[in-house]
Amino acid sequence: MQKRFYLRTKADMVSRMLRSSRPKPLHTLTKYDLGMDAESIKVSIANHVEYTLGKDEYSLTARDVMWSVARASRDRMMDRWTKTQQGYYDDDVKRVYYLSMEYLLGRLLRDGLLNLGILEETRAALKDIGVELDEIVEQEPDPGLGNGGLGRLAACFLDSMATLGLPAVGYGIRYDYGIFRQTIVDGAQVEQPDNWLAFGSPWEISRPDHLHKIKFNGRVQSRLDATGELAFDWVDTDDVIAMAHDIPVPGYRNECVNTLRLWGAKASREFELSNFNRGDYVEAVRLKNASEDISRVLYPNDQVMQGKELRLKQEYFFVSATLQDAVRRHLKVHKDLDSLPDRAVFQLNDTHPAIAIAEMMRLLLDEHHIGWERAWGIVQKSFAYTNHTLLPEALERWPVWLMERVLPRHMQIITEINRRLLVEVRAHSGGDATMAPRMSLIDDHGEKQVRMAFLAIAGSFSVNGVSALHSQLLKERMFPDFDRMMPGKFRNKTNGVTPRRWLLQCNPPLASLISEVIGDTWVTALDELSGLEKVADDAEFQKRWRAAKATNKERLGKIIARDVGVVVDTRSLFDVQVKRFHEYKRQLLNLLHVVNLYRRIKSKVDRGRTPRTVIFGGKAAPGYERAKQIIHLANDIAKVVNADPDTRDALRVVFIPNYSVSLAERIIPAADLSEQISTAGMEASGTGNMKFAMNGALTIGTLDGANIEILDAVGAENIFVFGLTAEEVQAKKESGYDPHACVEGDADLKGVLDAISSGMFSPEEPNRYLSVVSSLLERDEFMLLQDFAAYRDTQTKVDALFRDQAQWTRRAILNVARMGRFSSDATITDYATDIWGISPRVSRR
């Protein structure tokens, strides 16, 4: 239960707000009442308290205040929002439709106030009535509509598109339950439902007038149309209604407010009434709930067939609703769909929305009666595909039998696309009979499956990777036949992050210091951070830089004490690895090093070592047992290390539960060392690496993903690089990698593995981690043992440099100064000019 925010001692403050601000009936509000000054904002807040929420000083809670402040903020977006959308229609602009299954937005209140330019005015309005803005912000839940980097990237891109004034709209699913809430029970991850909509959202506007029927199952029947052409009808379907819920996306201090449109599933009225009218009320309710399950939860467990089917339905549900919406919008001002590629581009954020290719063909063929060649031409000029993975298992493949049952018309269309594609392939194969099976959209080996990434490539005019290495490997390893047959289609767009949230908002001490020295235009022109290079050696500036870092570390230290129950030394080196738990991200390699440090400190081999606090955070997918086991190991190691009086002054280990965007905003500014240690050739890009470097952490990492470009940007002397390259990893696997050989020559590594397998960190269950150690010794798929020695030796260099605080600070400053290319503004500008063919429309205030 939420704690009552206003104690009786504060009742007079609320009363003063309600009386001094003189709330006015809504019909009397004028433009003046939506002013950007503190007094006008106070009036708006008071109005929402009294007229929107119906509260007084005796019933008001902190959540109510947050809602009222958020609504006051949204009010100030509405006029800009309406004018922005009207302008897009009036000027008949080309729009970007950004399709993503995930959006990790983070809290929107501070972000909205900052972008509107009224953060301090709102703080003053609240302070005048005895309320702290920072307390209110904490009441807003994180909309956990994503698993990790993919969803956070989508949120950064939305921010940049609005800040750049690009005509764009994001589309996704309004999950009732986002990514699970993680708790740690006896060291193990336990998943709890995260009902982020339990109290509604103050930001969204539901649009019951924007409804689209989404079909599933049924059968396809053919007929001849009035012209004698073969036509297809998808009949006897199970229908679900998609309803739009819009969230405003304001640009930074400009007049642009774009839209994030999330689709919620509703049972069709006919579907409900048919059962009620038969008197089968229980079945009617069951079927209604089943149909609405489509938007109930983010990513059902696809280890079971029901989960796979629901995942497929989710993907089609939001894709179909989005494309129907885009076609509806286009036909408002255009007589036909031939001009669609000139007025719309559909950017597929990873492979999840790839069914959009087949759905647009269905709409064009069956709903708008356009012939195949003309329809395929429209599709191929309208779609662009971003690939985000080098893991083959992450490239979605759907069993043909499942597609035939759930989306029978789409399976027919995919089969025809494939037939025509293979005709072209054979013409280009030069007699290579294996090329057609390699490029077929339908894999005939074993259980027939549709290769969704291949469908996205075939139907798009552009395919891009998200870092230079990733894009190279897409062409050389993942899709070499497509690259040879379709030259110029593959390109690179290195990811970026928004500096508004990931420096200005999350790190006020550092952002203020930077703006004092170089001005504040860096917020929208991140290259201007290069001005910091001139003060990198200035002793006084370095001192102030370290003070900003110390403030952030103290703030995080309080969070750790509150949430983990461990007191950490904020003067120690904060060594941080926070991200989704996956074997290729190699949190386990970090843990091997922690155990090695612990053993060496305890045996007094390493006297006078740099005190270190190793911080972990992140969630493992509920069905990913090995990743969950690694989380358990991290907590078991922390329990032993932190309780040992011989080592706890030199080494602390903490796992911060329930990692989220809001927690990241506290952790990243406090980090000294950023762990980016994935197996080379496995990480597509990474964006955490950019956020940490942008906040003054030095990186220890492999030559993987965007680490390579960070190395190029900051210089080899300002980053700690270790381990095999992607080419060396591949060669090692092909030549026959022997993990045992790595252990035989390394006493440290042998001692670490023996300690874990012997039960040193799980005495109540000594065999708990035998399988972890066995998998390393038998397979070591992600080359942890191979890279251990290089990682250990590089960490020794980290220790030595941290003891020289002047040199460490200098390198941290240079990291920040050279982050300009990693702004999502730069990435989106590149997309806009090179792929989308659109330009900004608004100027900054």
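This passage describes selected strands, helices and single residues of a predicted model.

The nine-stranded sheet is considered before the other elements. It is an open sheet with mixed pairing, and its strands follow the order β7-β10-β11-β4-β1-β12-β13-β17-β18. The two edge strands, each of which pairs on one side only, are β7 (205–216) and β18 (490–492), and from one strand to the next the twist averages 25 degrees. Within this sheet, strand β4 (residues 168–173) and strand β11 (residues 257–267) run parallel and are joined by five bridges; Val-169, for instance, has Thr-259 in β11 as its bridge partner. Helix α13 (residues 372–382) packs on the sheet, where it touches β12 (344–349) and β13 (383–386), and the direction of α13 makes about 45 degrees with that of β13.

A further group of parallel strands is centred, for this description, on strand β19. All six of the six residues of β19 (residues 573–578) are buried, so this strand is largely enclosed by the rest of the structure. In a regular strand the side chains alternate between the two faces of the sheet, and in β19 both faces are covered: Leu-573, Asp-575 and Gln-577 are buried on one side, while Phe-574, Val-576 and Val-578 are buried on the other. Strand β19 runs parallel to strand β20 (residues 612–617), to which it is joined by six bridges, and the bridge partner of Phe-574 in β20 is Thr-613. Together with helix α23 (residues 587–602), these two strands, β19 and β20, make a right-handed β-α-β unit. Strand β19 also pairs in the parallel sense with strand β22 (residues 673–676), in this case over two bridges, with Asp-575 standing opposite Leu-673 in β22.

Burial is also seen in a helix. Eleven of the twelve residues of helix α12 (residues 356–367) are buried, so α12 is largely enclosed by the rest of the structure. The buried residues of α12 include Ala-356, Ile-357, Met-360 and Leu-364, and among them are also Glu-359, Arg-362 and Asp-366. Just after α12, His-369 takes a positive phi of about 55 degrees.

The packing of one helix against another can be followed in α4 and α5. Two packed helices are described by the angle between their axes and the distance between the axes. For helix α4 (residues 109–116) and helix α5 (residues 119–127), the angle is about 120 degrees and the axes lie 7 Å apart. At this contact, Arg-110, Leu-113 and Leu-114 of α4 meet Leu-119, Thr-122 and Arg-123 of α5, a set that comprises three nonpolar, one polar and two charged residues.

Several single residues complete the description. Zero disulfides are found in a search of the whole structure, and Cys-156 is accordingly in no disulfide, the nearest cysteine sulfur being that of Cys-506, at 11 Å. Cys-156 has a relative accessible area of 1% and is therefore buried, since the cut-off for this class is under 20%. Cys-742, at 16% relative accessibility, also counts as buried. Asn-718 lies in the loop between α27 (707–714) and β24 (720–721), and, at 1% relative accessibility, this loop residue counts as buried. When its neighbours within four places in sequence are left aside, Asn-718 is in contact with Leu-698, Arg-811, Leu-814, Asn-815 and Arg-818.

Conventions: Residues are numbered from 1 along each chain as its sequence is written. This is a predicted model: local features need pLDDT of at least 70, side-chain atom pairs count only at pLDDT 80 or more; totals for chains, interfaces and linings use all residues. Side-chain values use heavy atoms; hydrogens and water are left out. Helices (H or I, at least four residues) and strands (E, at least two) are DSSP runs, numbered from the N terminus. Buried means under 20% relative accessible area, exposed over 50%, partly exposed in between (1.4 Å probe, protein chains only). Contact means heavy atoms within 4.5 Å. Axes are lines fitted to C-alpha atoms, for helices over the stretch in contact, and angles run from 0 to 180 degrees between N-to-C directions. Ala, Val, Leu, Ile, Met, Phe, Trp, Tyr, Cys and Pro count as nonpolar, Asp, Glu, Lys and Arg as charged, and the others, Gly among them, as polar. A disulfide is a pair of cysteine sulfur atoms within 2.5 Å. Two strands pair if DSSP finds at least two bridges between them. A crossover is right-handed if, with the strands pointing away from the viewer, the path from the first strand over the helix to the second runs clockwise.
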